[in-house]
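Here's a quick briefing to read with the model open in your viewer. Skim the bullets by topic and check them against the coordinates as you go.

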Amino acid sequence: MFLYTKDAPKGDLRKTYGETLIELGRKDPKLCVVDGDLSTSTKTAMFGKEFPERFFNVGIDEQNLIGIASGLAYDKDRTVFASSFAMFLTGRPWEIIRQHVGYNDLPVKLVATHAGITVGPDGASHQMNEDIAIMRAIPNMKVIVPADNHILKKILYKAYETPGAFYIRLSREKFPVVYPEDVEFELGRGFILKEGKDITIVAIGLMVSHALDAASILKENYGIDAEVIDPVSVKPIDGELIAQSAQKTGKVVTIEEHSIIGGLGDAVISALAEKYPVLVKKIGIPDTYGESGTAIELLRKFELMPEQLAGNIYKWLNSSK
Amino acid sequence: MNPTKSIEELKELARKVRIETIKSIYLAGSGHPGGSLSITDILVALYFGGYVNVDPQNPYKPDRDRVILSKGHAAPSFYAVLALKGFFDKELLYTLRKLGSPLQGHVSRKHTPGVEASTGSLGQGLSIALGMALKRRLDNLDYKVFCLLSDGELQEGMTWEAIMTAKHFNAKGLIAIIDNNNIQLDDFVTKVNSGIYPIEDKFKASGWHTITIDGHDFSQILKALDEAVKISEEKPVAIRAITVKGKGVSYMENTPAWHGKAPDREKFIEAMKELGVSDKEIEEFLTKYDR
């Protein structure tokens with residue numbers, strides 16, 4: 001069912017976002033898009049070119065961006081996609097998102113690009129490692145992190161069809177293709193991408209392909225049979241699927257290109273604590289800031305490359321026996 | 001515009017709104033009387049002077065005029081106006097701020113018919129209003145969007161983002177009314193952060209038409225609204241309404257301490273008397289509703 005191989009082709013999530021916006025815009029003449037002077041990077045400019053009257057580039061004022069998107073959406077008869085980089089779409093206007101989009105559950109679909117450390121050379125100011133934490137804390141907000149462009153397209157359609165607030169997290173980097181084009185996405189339903197019996201690895205975003213590679217290394221080098229799960233949606237999270245896997249394997253590792261505080265790891269721990277408590281190791285960005293470097297250099301610095309993940313998981317398994 | 005009520009009738013309605021405002025805050029034991037009283041005459045002019053076309057039976061009709069209470073803490077007088085307009089039963093006013101009440105401490109569209117945007121966190125309303133004005137164009141409608149701001153919230157940067165952007169998008173039908181009572185929570189605005197002044201020059205420089213009035217003089221309010229409604233079809237309009245915080249209750253007037261506290265029983269009775277409520281009515285009210 002899943003396409004991923006070590007040499008999988010890469011898919012451009014941002015381009016898929018721009019193309020899907022145009023599809024949705026053709027389907028729904030009421031759909032609007034709001035961006036804040038980053039439309040050529042987020043790819044909302046593709047929508048703006050075809051539907052200039054329904055595209056609002058508000059400039060560098062993200063609080064106003066969320067305010068205008070909310071004003072367009074308050075009657076709930078127009079779906080609004082709002083985009084910027086993750087730092088500026090969620091960090092700067094957080095309280096305005098909470099007050100309008102969240103509190104009133106408006107049909108505003110927040111799609112951020114350039115999340116995580118893989119934004120690279122721009123450095124810590126642009127490396128948003130806390131967005132999942134702050135967005136999942138907002139009541140009504142759904143938080144979704146696609147692992148590739150194929151599932152992203154399905155997520156965007158689902159967000160469009162589902163009433164209320166969404167946060168969808170994309171990155172600057174192209175991701176290896178994990179899913180077939182006809183993958184089906186259901187809110188709150190995760191996927192077991194590889195079955196295993198010794199440990200459960202739960203990963204999101206770019207870390208899904210890294211987790212699959214790490215699982216291969218664990219098998220080859222250490223004879224460890226890891227199960228790999230992509231929950232896709234961090235909120236609501238598929239706690240049932242993760243707990244069932246934990247029941248089988250007895251230990252869980254979470255991997256995310258995000259702070260280990262408040263992100264996927266904590267969402268998984270919360271779900272497991274209620275259903276089937278086991279030892280959990282959170283892997284991600286520690287409680288610190290990034291720095292300038294290429295995406296690969298930074299992934300290596302934070303030990304998020306497949307061979308590093310496999311080695312650290314093996315070490316943890318041994319130390320926690 | 002054809003005001004549906006005479007100035008004398010509007011004054012009488014404003015007196016009733018002030019009475020209900022103080023009653024509801026007194027029963028709630030908390031709330032913001034100062035800023036509720038300073039915006040009362042403007043609210044009454046908007047809703048009863050023929051400027052806001054709304055149907056209480058169908059509060060979210062697509063072509064209705066919108067009123068965004070960006071200064072969401074003026075909820076008590078706004079609720080009183082909505083009740084008198086027929087959006088809900090007047091009795092509900094006496095549940096203000098109580099658990100389970102549809103009348104939240106700061107206005108909430110989720111809870112109260114007639115409310116357009118959930119506010120209370122200052123500085124956000126004008127962006128919402130701008131979004132609604134842009135929607136008007138997309139929907140091919142001609143409704144007006146009135147946004148009621150406090151002077152203090154002009155200190156919020158987001159307000160200026162919206163002011164700047166309104167002209168850029170050539171928003172039509174957008175009218176901001178600034179309740180310039182010159183008092184915020186801590187002290188007088190001129191003492192806390194006087195940088196909001198000069199208000200008119202700043203709006204003008206951003207491409208807005210401005211009008212300055214006495215916000216308690218109905219003839220000036222009505223004239224300004226007539227002008228604003230007309231000119232807002234060309235460019236956004238800001239009305240700076242110079243007002244008195246706590247207007248109508250003399251011990252509250254122009255006093256920062258009455259920004260956000262409820263009167264005790266003695267002070268409540270004093271306010272009622274000044275607003276022309278008879279001893280008998282006060283006694284009946286207290287017997288029926290007071291804890």
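**Where the chains meet**

Between chain A and chain B, 19 residue pairs are in polar contact, counting pairs with both residues at pLDDT 80 or more. Keep in mind that this is a predicted model. The rest of the interface comes next, followed by the salt bridges, one helix and two single residues.

**The A–B interface**

- On the chain A side, strand 3 (55-57), helix 4 (62-73) and helix 6 (94-102) each bring at least two residues to the surface that touches chain B.
- Helix 4 of chain A is the top contributor to that side, with eight residues.
- Sorted by class, the side of chain A that touches chain B holds eight nonpolar, nine polar and eight charged residues.
- As for contacts, 25 residues of chain A meet 27 residues of chain B.
- The size of an interface is often quoted as the accessible area lost when the parts come together.
- Here the area buried between chain A and chain B comes to about 2,200 Å², with carbon and sulfur atoms giving 55% of it.
- Within chain A, the residues losing the most area to chain B are A:Y74, A:D75 and A:Y103, which together account for 25% of what that side buries.

**Salt bridges**

- Side chains of opposite charge can pair when their charged atoms come close.
- Over all chains, the count by this rule is 35 salt bridges.
- Six salt bridges turn up across the interface of chain A and chain B.
- A:D75 pairs with B:R66 in a salt bridge, and their closest N and O atoms sit 2.7 Å apart.
- Both of those residues belong to a salt-bridge network that links A:K30, A:D75, A:D77, A:R78, B:R64, B:R66, B:R109, B:E116, B:K135 and B:D139.
- Inside that network, B:E116 and B:R109 have side chains that meet in a salt bridge at 3.5 Å, N to O.
- Are B:E116 and B:R109 buried or exposed? Both are buried.
- In chain B, the salt bridge between B:K280 and B:E284 has its closest N and O atoms 3.3 Å apart.
- B:K280 and B:E284 are about one helical turn apart, because they are four residues apart in helix 11 (residues 279-289) of chain B.
- B:K280 has a relative accessible area of 59%, so this residue is exposed; B:E284 is at 46%, so this one is partly exposed.

**Helix 1 of chain A**

- How far apart should the ends of helix 1 (residues 13-27) of chain A be? At 1.5 Å a residue, its 15 residues should span 21 Å, and the end C-alpha atoms are indeed 21 Å apart, which agrees.
- The N-terminal end of helix 1 is capped by A:D12, with a side-chain oxygen 3.0 Å from the backbone nitrogen of A:R14.
- Buried residues in this helix include A:L13, A:R14, A:T16, A:Y17 and A:G18; A:T20, A:L21, A:I22, A:L24 and A:G25 are also among the buried ones.
- A:E19 and A:K15 form a salt bridge through their side chains, at 3.4 Å from N to O.
- The two residues, A:E19 and A:K15, are both in helix 1 and sit four residues apart, about one turn of the helix.
- A:E19 has 36% relative accessible area, so it counts as partly exposed, and A:K15 is partly exposed too, at 43%.

**A:S320, after helix 13**

- You'll find A:S320 in the segment that follows helix 13 (306-319) of chain A.
- With a relative accessible area of 17%, A:S320 is under the 20% cut-off and therefore buried.
- Its side chain reaches the backbone oxygen of A:W316 at 2.7 Å.
- Setting aside neighbours within four places in sequence, A:S320 is in contact with A:K251 and A:L279.

**A:E195, in a loop**

- A:E195 is placed in the loop between strand 9 (191-194) and strand 10 (199-203) of chain A.
- Buried or exposed: which is A:E195? It has 60% relative accessibility, so it counts as exposed.
- A:E195 touches A:D225, A:A226 and A:E227, if you don't count residues up to four places away in sequence.
- From A:E195 to A:Q247 is 52 residues in sequence and 13 Å in space, C-alpha to C-alpha.

How values were computed: Residues are numbered from 1 along each chain as its sequence is written. Chains are lettered from A and ligands numbered from 1 in the order in which they are written. This is a predicted model: local features need pLDDT of at least 70, side-chain atom pairs count only at pLDDT 80 or more; totals for chains, interfaces and linings use all residues. Side-chain values use heavy atoms; hydrogens and water are left out. The expected span of a helix is 1.5 Å times one less than its number of residues. Buried means under 20% relative accessible area, exposed over 50%, partly exposed in between (1.4 Å probe, protein chains only). A polar contact is a pair of N or O atoms within 3.5 Å; within protein, one must be able to donate a hydrogen and the other to accept it, and residues adjacent in sequence count only if both atoms are side-chain atoms. Contact means heavy atoms within 4.5 Å. Buried area is the accessible area (1.4 Å probe) that two parts lose on being put together, summed over both. A salt bridge is a side-chain nitrogen of Lys or Arg within 4 Å of a carboxyl oxygen of Asp or Glu. Ala, Val, Leu, Ile, Met, Phe, Trp, Tyr, Cys and Pro count as nonpolar, Asp, Glu, Lys and Arg as charged, and the others, Gly among them, as polar.
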